[in-house]
Amino acid sequence: MASIRVFFSRKLPTFASVFFQTLTRNPSTHRISFLNLKPNNTLRFIPPKPSTVFVAQFHDGRPRGPLWRGKKLIGKEALFVILGLKRLKEDEEKLAKFIKTHVFRLLKLDMLAVIGELERQEETALAIKMFEVIQKQEWYQPDVFMYKDLIVSLAKSKRMDEAMGLWEKMKRENLFPDSQTYTEVIRGFLRDGCPADAMNVYEDMLKSPDPPEELPFRVLLKGLLPHPLLRNKVKKDFEELFPEKHAYDPPEEIFGSC
């Protein structure tokens with residue numbers, strides 16, 4: 001019997017220490033019940049009575065998990081800058097100071113991560129400011145995809161003046177839009193009720209070194225239904241470039257003769 005008491009006096013404190021270390025890692029409150037130990041077939045002993053231990057709730061300071069999509073791929077400096085830009089976006093003076101003191105010191109990958117996350121969160125105005133910072137870096141080279149993402153975001157936000165401003169800057173850097181960029185800008189002008197501006201972008205698309213795709217024509221053929229003369233011109237070009245495709249014509253009683 002004495003040897004049994006010695007055995008439990010040595011083992012139970014060790015077991016309890018390990019058990020409490022496991023409990024303190026979890027922040028929520030737990031109710032723990034010690035179950036009766038199974039007695040050995042050869043040794044008889046009196047098991048301890050069941051008892052209850054309450055562990056107070058606390059936070060150990062470790063992060064709960066990713067708050068944004070792809071947070072693990074964004075560095076701490078980039079996350080700090082994103083939060084700072086969003087917090088100060090209403091104050092131009094403080095925003096300019098923050099950009100000068102924090103944004104300019106970011107590494108290349110962090111800058112690219114910041115502008116990508118701002119575009120994903122539809123913070124287009126901040127993304128444009130970030131793009132202006134990137135253009136001042138020594139490693140910057142004209143990138144049509146950066147322009148494309150910003151122009152498409154602005155067109156979808158119905159900010160066509162800003163979109164065309166970036167459009168002109170892109171052309172000055174000898175970059176040409178792709179089919180998706182043409183499509184979104186044309187759709188944006190048609191949505192704003194500016195068919196003449198849409199046709200100007202269409203004429204620019206025909207002069208592009210890349211062959212035009214079908215989608216911009218479809219968008220124009222649909223958006224120019226109230227403007228038969230302009231639509232007929234686009235339809236003629238469409239049939240010449242895509243002879244195997246068919247352009248839908250609405251009934252004359254709806255929009256008149258096309």
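The legends below describe close-up views of a predicted model.

**View 1. The whole chain of the predicted model, with its helices and strands.**
The protein chain holds twelve helices and two strands. Along the sequence, the elements follow the pattern α-β-β-α-α-α-α-α-α-α-α-α-α-α. Of the 258 residues in the protein chain, 33% are buried. Among contacts in the protein chain with a separation of 6 or more, 55% join residues 24 or more positions apart.

**View 2. The two spans listed as "repeat: PPR" in UniProt.**
An unreviewed UniProt entry gives residues 143–177 and residues 178–212 under this name. In residues 143–177, 74% of the span is helix and 0% is strand. The C-alpha atoms at the two ends of residues 143–177 are 11 Å apart. Residues 178–212 are 71% helix and 0% strand, and their end C-alpha atoms lie 9 Å apart.

**View 3. The packing of helix H8 with helix H9.**
Two packed helices are described by the angle between their axes and the distance between the axes. Here, H8 covers residues 179–191 and H9 covers residues 195–206. Their axes are 7 Å apart and the packing angle is about 165°. An angle over 145 degrees counts as roughly antiparallel, so H8 and H9 are roughly antiparallel to each other. The crossing of H8 past H9 is left-handed.

**View 4. The residues that form the contact between H8 and H9.**
From H8, the contact involves Tyr182, Val185, Ile186, Phe189 and Leu190. From H9, the contributing residues are Pro195, Asp197, Ala198, Val201, Tyr202, Asp204 and Met205. Sorted by class, the contact of H8 with H9 comprises ten nonpolar residues, two charged residues and no polar ones.

**View 5. Leu85 in helix H2 and the residues it touches.**
Leu85 sits in helix H2, which spans residues 76–88. Buried means under 20% relative accessible area; Leu85 has a relative accessibility of 3% and therefore counts as buried. Leaving aside residues up to four places away in sequence, Leu85 touches Leu95, Phe98, Ile99, Val103, Val114, Leu118 and Leu126. One of these residues, Leu95, is ten residues from Leu85 along the chain. The C-alpha atoms of Leu85 and Leu95 are 6.7 Å apart.

How values were computed:
Residues numbered from 1 in each chain as written. Predicted model: local features only at pLDDT ≥ 70, side-chain atom pairs only at ≥ 80, totals over all residues. Heavy atoms only, no water. UniProt positions renumbered as here; feature names shortened; annotations may be inferred. Helix = DSSP H or I, 4+ residues; strand = E, 2+ residues; numbered from the N terminus. Axes fitted to C-alpha atoms, helices over the stretch in contact; angles between N-to-C directions. Parallel < 35°, antiparallel > 145°, perpendicular 65-115°, else oblique. Left-handed = near helix turned anticlockwise from the far one by under 90°. Contact = heavy atoms within 4.5 Å. Nonpolar A, V, L, I, M, F, W, Y, C, P; charged D, E, K, R; others polar. Buried < 20%, exposed > 50% of the residue type's maximum accessible area, 1.4 Å probe, protein only.
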